[in-house]
Amino acid sequence: MSHGSFPMGVDEDATPAGRRKKRMRDRWVLLSVIGLVVIALLGVGVILGYYGKATKDALDSVTREPTLMPTATENRPEPVPTKTGESNPPLNLVLMGTDTRNPDDERGRSDVLMIMHIPGNRREAYLISFPRDYWVDVPGHGNAKINAAYSYGGPALTVQTLEWLLNIPIDHTAIVDFDGFMNVIDALGGVTVTNREASSSGGFSFPEGQVELTGESALQFVRERKNLSAGDFSRTERQRDVLKAIVSKLTSRGVLTNPGQFRDAVTTLAPNFTVDSGLDNGRIVDIGLGMRITGGDDIRSLMAPVDGIATSSDGQSIVEMNAQKLDELAEALRNDTMDEYYSANRDG
């Protein structure tokens with residue numbers, strides 16, 4: 001029997017060598033996605049060969065931009081200390097998808113806004129969505145919808161707004177061309193999501209239950225809000241569900257063992273990201289080497305706590321925060337106890 005082959009009925013991954021190989025392969029893919037998506041997986045490990053080259057080429061195509069983070073150091077939250085028993089402090093990354101479809105809006109607004117929190121143990125990642133109409137204090141501008149921070153001062157002011165809101169430092173920022181990002185779904189041969197509420201838009205129908213999405217239909221799926229019972233709340237839930245579906249498909253055995261499909265996926269993914277200049281290839285690898293995420297189930301999804309819809313003093317329809325729950329979220333982020341908060345407040 002030649003080296004690397006296995007008798008009929010024997011699963012290569014079940015052997016000691018196979019398990020080691022699978023761990024390295026999975027960890028490499030997770031590392032790949034931190035650099036390319038900074039969203040979905042965050043992983044670890046380095047292997048040589050085809051995947052290594054495909055991922056390096058993709059990492060090199062990510063745009064770096066020095067203006068995505070606040071430049072002033074005063075009034076920023078204190079660093080979060082490393083939790084007892086852990087080797088690393090938690091990490092917080094802001095993920096933005098911009099809406100520039102309005103030609104009269106030069107800068108646009110942040111149409112997709114999430115914090116990805118990675119705890120010190122590096123075993124999970126938490127995607128925390130913020131509704132676009134979340135009513136917050138925007139530094140220098142008073143109370144406003146959170147997506148207005150982007151139009152007032154770009155990504156740096158959006159980051160500063162979240163830092164003020166939660167009293168945590170943001171480590172890195174990524175802006176996603178969400179339209180282009182959906183193209184990776186076609187490179188993966190489509191993804192499957194569990195649709196929580198039937199809807200139709202853009203010529204597509206999405207029944208309740210398991211739904212197969214292409215890149216085009218996924219874009220309609222994540223944009224929809226007017227025909228959903230919870231409006232923007234439902235939309236942010238769909239956005240997180242699609243991101244998790246991409247993660248699961250990208251790390252599925254079928255894609256991992258298909259070099260051509262894996263290459264197409266990661267090279268489609270990467271050019272749709274602009275990250276802060278501090279998130280260079282070396283930093284990505286440094287973060288990745290510590291990660292212990294092993295698949296889509298380790299990506300945990302929730303929404304910033306809300307009290308419902310209200311009207312501002314100037315007549316705007318807004319989403320009110322639940323101040324008590326927001327304080328609990330901020331405390332969990334600072335104390336590296338998001339596992340406890342998630343267990344008590346999970347929404348999907």
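In this predicted model, Val-80 lies in the loop that joins β1 (63-65) to β2 (91-99). Val-80 has a relative accessible area of 11% and is therefore buried, the cut-off being under 20%. Beyond its neighbours up to four places away in sequence, Val-80 touches Pro-89, Pro-90, Pro-169, Leu-333 and Arg-334. Its C-alpha is 8.9 Å from that of Leu-91, eleven residues away in sequence.

Thr-82 is also placed in the loop between β1 and β2. With a relative accessible area of 38%, Thr-82 is partly exposed. Its contacts, leaving aside neighbours within four places in sequence, are Ser-87, Asn-88 and Pro-89. Thr-82 and Arg-334 are separated by 252 residues in sequence, yet their C-alpha atoms are 9.9 Å apart. Arg-334 is also one of the residues touched by Val-80.

Leu-333 and Arg-334 fall within helix α11, which spans residues 323-335. Helix α11 packs on helix α12 (residues 338-345) at an angle of about 150°. The two axes are 8 Å apart. An angle over 145 degrees counts as roughly antiparallel, and α11 and α12 are therefore assigned to that class. On the α11 side, the contact is made by Lys-325, Glu-328, Leu-329, Ala-332 and Leu-333. These residues meet Met-338, Tyr-341 and Asn-345 of α12. Sorted by class, the contact holds five nonpolar residues, one polar residue and two charged residues. Leu-333 thus appears both in this helix contact and among the residues touched by Val-80.

A further helix pair is formed by α6 (215-223) and α7 (residues 232-250). Helices α6 and α7 pack at an angle of about 145°, with their axes 7 Å apart. Phe-221, Val-222 and Arg-223 of α6 make the contact with Arg-235, Arg-238, Gln-239 and Val-242 of α7. By class, three of the residues in this contact are nonpolar, one is polar and three are charged.

Arg-225 sits in the loop between α6 and α7. Its relative accessibility is 29%, so Arg-225 counts as partly exposed. Arg-225 touches Arg-132, Gly-231, Asp-232 and Arg-235, with residues up to four places away in sequence not counted. Of these, Arg-235 also takes part in the contact of α6 with α7. The C-alpha atoms of Arg-225 and Arg-238 are 9.7 Å apart, at a sequence separation of 13 residues.

The largest nonpolar core has 49 residues. Phe-181, Met-182, Ile-185, Leu-213, Val-242 and Ile-246 touch the most other members. Helix α7 gives the most to this core, contributing six residues. Val-242 belongs to the core and to the contact between α6 and α7. A second, separate core comprises 38 residues, including Ala-144, Leu-157, Ile-170 and Ala-332. Ala-332 is also one of the α11 residues that meet α12.

Helix α3 (residues 148-166) holds Thr-161. At 1% relative accessibility, Thr-161 counts as buried. Residues up to four places away in sequence aside, Thr-161 touches Val-136, Asp-137, Val-138, Pro-139, Ile-146 and Ala-149.

Two loop residues were examined for backbone geometry. Most residues other than glycine have a negative phi. Asn-167, although not a glycine, has a positive phi of about 55°. Asn-167 lies in the loop between α3 and β7 (172-176). Its relative accessible area is 43%, and Asn-167 is therefore partly exposed. Arg-122 likewise has a positive phi, near 60°. Arg-122 is found in the loop between β3 (109-118) and β4 (125-129). At 6% relative accessibility, Arg-122 counts as buried.

Across the chain, the secondary structure comes to twelve helices and 15 strands. The chain has 348 residues, of which 53% are buried. Among contacts with a separation of 6 or more, 66% link residues 24 or more positions apart. The exposed area of the chain is about 15,400 Å². Carbon and sulfur atoms supply 47% of that area.

Terms used
Residues are numbered from 1 along each chain as its sequence is written. This is a predicted model: local features need pLDDT of at least 70, side-chain atom pairs count only at pLDDT 80 or more; totals for chains, interfaces and linings use all residues. Side-chain values use heavy atoms; hydrogens and water are left out. A nonpolar core is a set of buried Ala, Val, Leu, Ile, Met, Phe, Trp, Tyr and Cys residues joined through side-chain atoms within 4.5 Å. Buried means under 20% relative accessible area, exposed over 50%, partly exposed in between (1.4 Å probe, protein chains only). Helices (H or I, at least four residues) and strands (E, at least two) are DSSP runs, numbered from the N terminus. Axes are lines fitted to C-alpha atoms, for helices over the stretch in contact, and angles run from 0 to 180 degrees between N-to-C directions. Angles under 35 degrees count as roughly parallel, over 145 as roughly antiparallel, 65 to 115 as roughly perpendicular and the rest as oblique. Contact means heavy atoms within 4.5 Å. Ala, Val, Leu, Ile, Met, Phe, Trp, Tyr, Cys and Pro count as nonpolar, Asp, Glu, Lys and Arg as charged, and the others, Gly among them, as polar. Accessible areas come from the Shrake-Rupley method with a 1.4 Å probe; for residues, only the protein chains shown count as cover.
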